[in-house]
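Dear colleague,

Please find the structure we spoke about below. My notes on it come after.

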Amino acid sequence: MGEVNFMQEEDIRLETTRARFANVVKRHAQLTERLSRDSDKMIFERLQKEFEAARASQSQEINLDGEQWNDGLLATVREQVHMEADRKTTSGDANDMPTSHFQEKVTYRVGNKVICCLEGTRIGILYETSFAGEPCELYHCVLESKSFLEKMTVLEHTIPFFLPIREVENDLLSSNAMRFIDHIGELLQAYVDRREQVRLVKELYGNQIGELYHSLPYHMIEFVLEDSDWLVHFAFWRYLYFLHIFIVISR
């Protein structure tokens, strides 16, 4: 009798947890839709055009490997944008500048990142994501500092709101800007990898899965096996890696 009561209590707790999780997923979906309306699309289109123009105006794109991507190079890029901004200020109208000066600019590619100089005192980072060798979304991050000696801040970006960019900015940008840039790229690629893996699971094993829930960053995933009393739950650690914990709860 005691065992039966225990199983009933477990069923109730499991159903309660599932209902709460479903409600959270529903609210997140509504929030995602609201935050991905025209304003966000306009920001993406505007930044994408600006990045394309900046890359088109520069004379060469240099691929960097290993130790070539370092704090010294990033400092050089920062110095370049501030010198250019100062030159425009002292020369008056920026529209009267000779085009030959723009052709001296350089874009740098580091893995899945493209780093370029934007107008003003801004540095642009374009993140290219992929899955199984196929290109996925592009994401933008614009950094700015009022002077070469002041710390940089994130001016604007097109990174999904549910990824912890502000936390990473507070932790890394002022102390290690290069690590900040790299870490944001890791977050984005890990998010795309998890999302695409879930999509593949749905495509390949959809007939074996009853219900599937996931958080917006896909770092919490739960599904019920069809015609089974097993609930399978996956967890990821810090939005980056698999936690190496695979939990199966029997109903």
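The notes cover confidence, then one helix, then one residue.

This is a predicted model, in which local features need pLDDT of at least 70 and side-chain atom pairs count only at pLDDT 80 or more, while totals for chains, interfaces and linings use all residues. Residues are numbered from 1 along each chain as its sequence is written, and side-chain values use heavy atoms, with hydrogens and water left out.

The average pLDDT (the predictor's confidence in each residue, from 0 to 100) is 81 for the chain, and 70% of the residues score at least 70. Residues 98–103 fall below 50, and this stretch has 10 contacts beyond near neighbours in sequence (contact means heavy atoms within 4.5 Å). Residues 241–251 are also below 50, with 28 such contacts in the model. Where pLDDT is low, the predicted coordinates should not be read in detail.

Helix 3 (helices are DSSP runs of H or I, at least four residues, numbered from the N terminus) spans residues 71–91. From first to last C-alpha, its 21 residues reach 30 Å, close to the 30 Å expected at 1.5 Å a residue (1.5 Å times one less than the number of residues). Its buried residues (under 20% relative accessible area, 1.4 Å probe, protein chains only) include Leu73, Val77, Arg78 and Glu84.

Glu169 lies in helix 5, residues 165–173. Glu169 counts as buried because its relative accessibility is 13%. Leaving aside residues up to four places away in sequence, Glu169 touches Thr153, Val154, Ser174 and Phe180.

Regards

Definitions and conventions. Helix = DSSP H or I, 4+ residues; strand = E, 2+ residues; numbered from the N terminus. Buried < 20%, exposed > 50% of the residue type's maximum accessible area, 1.4 Å probe, protein only.
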